[in-house]
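New to this one? Here is a short tour, starting with the parts of one chain and ending with the core.

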2 protein chains.
Amino acid sequence: MPLDSRVLDYYRFHREEFLEGLKSLLRIPSVSALSEHKPDVLRAAGFIADDLTAMGFQAVRLVEGKGHPLVYGEWLQAPGKPTLLIYGHYDVQPPDPLDEWVSPPFEPTLRGDNLYARGAVDDKGQVWLVLKALEGHLKASGRLPINVKVLIEGEEEVDGGMIAAYVKERGRDIGADAVLICDTEMFAPGLPTLTTGLRGIIYAEIEVQGARTDLHSGMYGGVAPNPHQAIAEILTGLKDADGRILIPGVYDDVAEPSEAEKEAWATLPFDEAAFLANEVGSTSLTGEPGRSSLERMWSRPTFEVHGIRGGFVGEGAKTVIPAKAVAKVSLRLVPDMDPEKTAQALVDRVKALEPKGCRVQTRIMAASAASLAPTDHPFVVKAAEALHETFDRQTVYIRSGGSIPVVGLFQRYAGIPSVLMGFGLPDDNLHAPNEKFHVPNLYAGIEAVGRYLALLGE
Amino acid sequence: MPLDSRVLDYYRFHREEFLEGLKSLLRIPSVSALSEHKPDVLRAAGFIADDLTAMGFQAVRLVEGKGHPLVYGEWLQAPGKPTLLIYGHYDVQPPDPLDEWVSPPFEPTLRGDNLYARGAVDDKGQVWLVLKALEGHLKASGRLPINVKVLIEGEEEVDGGMIAAYVKERGRDIGADAVLICDTEMFAPGLPTLTTGLRGIIYAEIEVQGARTDLHSGMYGGVAPNPHQAIAEILTGLKDADGRILIPGVYDDVAEPSEAEKEAWATLPFDEAAFLANEVGSTSLTGEPGRSSLERMWSRPTFEVHGIRGGFVGEGAKTVIPAKAVAKVSLRLVPDMDPEKTAQALVDRVKALEPKGCRVQTRIMAASAASLAPTDHPFVVKAAEALHETFDRQTVYIRSGGSIPVVGLFQRYAGIPSVLMGFGLPDDNLHAPNEKFHVPNLYAGIEAVGRYLALLGE
């Protein structure tokens, strides 16, 4: 069934409005990690709720609780048709380092075909395209082809506490057949992509206390413990120079991808030299020997340090032995690693590495499992078809190295699969300065989701 | 010859004024490392110059140049008597971490017998006691027992460029027989101390560049180099867990202290358990096995990391692979290590440790040699006598793990020894929050320097 031409026309005639609406949403600095942005986070939630109400959704409300609110809305006037739950997030990553942005992170700026702003692709732009796809059906035909519930959270970039509580509390009463999530990327420009696997994540802070207070490195150098040196010893005790994680047992439960999956990955248009030059820009790629780059990113656990706090990092030459250092680190998990077991193994390993004279403490801030979706589920099959129709190319199935913890929660507590239909591009600078969204993908995404709704209504 | 009783009376009757004057000097945040404090640094220089003029010094002026000015003044009306050059510094270390100060760093505050402020002991308090010792002679007897030149710099906590240029340019024309420096500490409360050895220092920044820009640790974790992990590998490649420096050749030129010196150190009242508990406050001391704590601090080279810049260290959980990391590090040098040779060895070692996918660069910010003074020089002998008279205890000779690069410069270019007569205490929190000066040592220091001047005039 082709998409109703009135809906398609609506999509094509309202592009300018869609873009302006997205810019308004991007101007709200809804950084969930920073408490000073709490009012902005609330403002973004209200913006989404107002949009749902305006297009004709019902029971629109903010689900309040301990953290940032969820935005909920529903349209359930298609009896006998399936119910699709739409998930996304309106919160964004902190924008620092600010001085590396070409245009300010919260002043959305078009350069060529790209819209630059924090949250452009992750995930405001992709939430927006789903809302506009819904709007097109409702405005042009007065109805949706299926029942739809919308649930947009504001804590995806922090601990996702609110959505986790919501899904756990309601379980199967959430009342949907599947979840649509637009928060991933296309493998290459123009190549329609469904992401079937995601890594899980453990985020932690490792704190090392040495002396009681900062000490003069001349007076005490040679006898006082140095927490930054201690962090260095711990980090090299957690990962070797080849990228192998040195936490005992960490590889025990790692499931290898199937031979069929590995073969499919080998046929993807992945140009390692171009990837190195255009996306990473370092002197070489790194990581576990004997594994392809896609394997290392998609099906292998990894350990990363994000920053080390403490000591003197200012201008000039302060000669201090810092009293304390805190490293922010994370592990990415793959099927079938258990998050709790792995978090404990990290805690134990750090304790075992405790350097002389120091006290270490590991705080686990988040822990979620990897997920892997069945490619023969009818909601996945129709998603592939909708993408194929929109982009006129065969849809590919990939995994992502990133983590969307809610996918595991929907599977475990509501018993429903997630369809990860993403419209980001590999060079969109997620979580980095100069994040962007490729505007043609905004429009293609609207059409693809519009077609998907129609196909699900058949 | 006892000190003229009028001078001694002057010292004892003006204690309150001396303390208030020091407080005024301490209120000036003359942080030489931070460019925004340049006006304060100039203000502190002017404060010293005004004090010299007020007490009757001549040719008082600010020696201007590329960096912060030197304050110069002279009193040369004792023909036939020796000339003592007095050196000190009016600049201070940055005060961070600010939140660990009990009272604000630039609001000098008395608690018990201690005056708390940045620079209280290092070195404003000790510069002040020398000035007040001079003032006592001039005000009470109308003259000084010897000729005196005063040279106070404003870059001791950074690169000391101005004083180095001054000493190198003038060489022996500097026209003095010895230098008096009050910028060290007493080995124990009430124990008069001369410091005969100082360590040198190399200060450097190690910069590691990985990817072109910050990357998402989910998407790129497993293939992108992590500069913070790279810094950890470099740091553990520069120093092992026992505190041994791993730079090839670094121990080749290290001179062992004489047996006599080691024996004298063994008789010092050093209580390692108390030192650990009261000064360091960590779970244990660290450092090279097979060496005493005093040896490790005084006669062995050490390597320390002061802080690591880059990445995300804020609140919450940002999942970024930083593009760049910069470690601020230093090496302390002992006799007879060559600073240039050691700096090159550090640069070479870091280059050799360059982790895969990263580019490293080492910037040497400062390099100065260790120094060791002869204990039988008449200026040293009389200093020991002045201290003995003031404190009524035998003076001990120690070394310090810290660095006063100018000592080496005076020796090398002007051919004169430095007498390091210090009045700090081991728990004065140099370079750390809650720096203090023990007020009784301010008064004892004034008397001791007053007596020293008298003894030199005999």
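## Two domains in a chain

Let's start with chain A, which splits into domain 1 (5-198 + 370-456) and domain 2 (200-289 + 296-368). Keep in mind that this is a predicted model. Measure from C-alpha centre to C-alpha centre, and domain 1 of chain A and domain 2 of chain A turn out to be 31 Å apart.

## Where the domains touch

The two domains of chain A do meet: 17 residues of domain 1 are in contact with 18 residues of domain 2. On the domain 1 side, β16 (396-400) and α13 (405-414) of chain A each put in at least two residues. The largest share there, 5 residues, belongs to β16(A). Sort that domain 1 side by class and you get 9 nonpolar, 5 polar and 3 charged residues.

## How the two chains are related

Now bring in the second chain. In general, two copies of a chain are related by a rotation about an axis and a shift along it. Here, a turn of 180° with a shift of 0.0 Å along the axis lays chain A on chain B, with an RMSD of 0.0 Å. That is what a two-fold axis does. Which C-alpha of chain A is nearest the axis? It belongs to A:A232, and it sits 2.1 Å away from the axis.

## Where the chains touch

How many residues does each chain bring to the contact? Chain A gives 85 residues, and chain B gives 85 residues. On the chain A side, the elements that supply two or more residues include the helices α6 (217-220), α7 (227-238) and α10 (293-298). Strands are on that list too, among them β11 (302-309), β13 (324-333) and β14 (359-368) of chain A. With 7 residues, β11(A) makes the largest contribution to this side.

By class, the side of chain A that touches chain B has 33 nonpolar, 36 polar and 16 charged residues. The copies meet through the same surface, because 100% of the interface residues of chain A are also interface residues in chain B.

## Inside the core

Last stop: the largest nonpolar core, which has 293 residues. As a general point, nonpolar side chains tend to be buried together in soluble globular proteins. In this core, A:V419 and B:V419 touch the most other members.

What does B:V419 contact, once its neighbours within four places in sequence are left aside? The list is B:A178, B:V179, B:L180, B:I181, B:L194, B:F379, B:V380 and B:A383.

Definitions and conventions: Residues numbered from 1 in each chain as written. Chains lettered and ligands numbered in written order. Predicted model: local features only at pLDDT ≥ 70, side-chain atom pairs only at ≥ 80, totals over all residues. Core = buried A, V, L, I, M, F, W, Y, C linked by C-beta atoms within 7 Å. Buried ≥ 20, exposed ≤ 12 C-beta atoms within 10 Å, placed from the backbone. Contact = placed C-beta atoms within 7 Å. Least-squares fit on C-alpha atoms with pLDDT ≥ 70 in both. Helix = DSSP H or I, 4+ residues; strand = E, 2+ residues; numbered from the N terminus. Nonpolar A, V, L, I, M, F, W, Y, C, P; charged D, E, K, R; others polar. Domains from an automatic or database assignment.
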